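Here is a friendly walk through a small set of structural features. Please keep the sequence and the model open beside you as you read.

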Amino acid sequence: MTALIFYAAICGVLSLAGPRLGAPLMRLGIGACVGVIAAAILPVIRGMMGF
């Protein structure tokens, strides 16, 4: 459940900036980078929360 909420929040924030990020290929690259960073940060957040 933690992962679902975390990624929903990340995707929601990213979608707010979507049209301003430029061409579709640029948005794809930014989305991929954000996904990798989010996946790397989630274990740290879970550790801090005690999960």
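The report below goes from the overall fold to individual side chains.

## Overall shape

Please bear in mind that this is a predicted model. The protein contains two helices and zero strands. Along its principal axes, the C-alpha trace spans about 40 × 15 × 15 Å. The radius of gyration is 12 Å, while a compact globule of 51 residues would have one near 10 Å.

## Surface and burial

How much of the protein is buried? Buried residues make up 8% of the 51 residues. The accessible surface comes to about 3,800 Å², and carbon and sulfur atoms account for 81% of that area.

## A nonpolar patch

If you look at Met1, Leu4 and Ile5, you will find that they make a nonpolar surface patch of about 390 Å². One of these residues, Ile5, belongs to helix H1, which covers residues 2-17. Ile5 has a relative accessibility of 54%, and it counts as exposed because the cut-off for that class is over 50%.

## The aromatic pair

Next come the aromatic rings. A pair of aromatic rings is described by the distance of the centres and the angle of the planes. In this model the count comes to one aromatic pair. Phe6 and Tyr7 form that pair, with 5.4 Å from centre to centre and 70° between the planes. The arrangement is edge-to-face, because planes over 60 degrees apart are put in that class.

Are the two partners buried or exposed? Phe6 has a relative accessible area of 15% and is buried, since buried means under 20%. Tyr7, at 30%, is partly exposed.

## The cysteines

How many disulfides does a search of the whole structure find? The result is zero. For Cys11, the closest cysteine sulfur is that of Cys33, and the two sulfurs are 14 Å apart, too far for a bond. A disulfide would need the sulfur atoms within 2.5 Å, so Cys11 and Cys33 do not qualify. Seen from the other side, Cys33 is in no disulfide, with the sulfur of Cys11 as its nearest cysteine sulfur.

Cys33 is also partly exposed, and its relative accessible area is 48%.

How values were computed: Residues numbered from 1 in each chain as written. Predicted model: local features only at pLDDT ≥ 70, side-chain atom pairs only at ≥ 80, totals over all residues. Heavy atoms only, no water. Patch = residues over 30% accessible without salt bridge, like charges linked within 9 Å, V, L, I, M, F, W, Y side chains within 5 Å. Areas by Shrake-Rupley, 256 points an atom, 1.4 Å probe, with all protein chains shown as cover. Salt bridge = Lys/Arg side-chain N within 4 Å of Asp/Glu carboxyl O. Helix = DSSP H or I, 4+ residues; strand = E, 2+ residues; numbered from the N terminus. Buried < 20%, exposed > 50% of the residue type's maximum accessible area, 1.4 Å probe, protein only. Rg over C-alpha atoms; globule rule 2.2 N^0.38 Å. Phe/Tyr/Trp six-rings, centres within 6.5 Å; stacked < 30°, edge-to-face > 60°.
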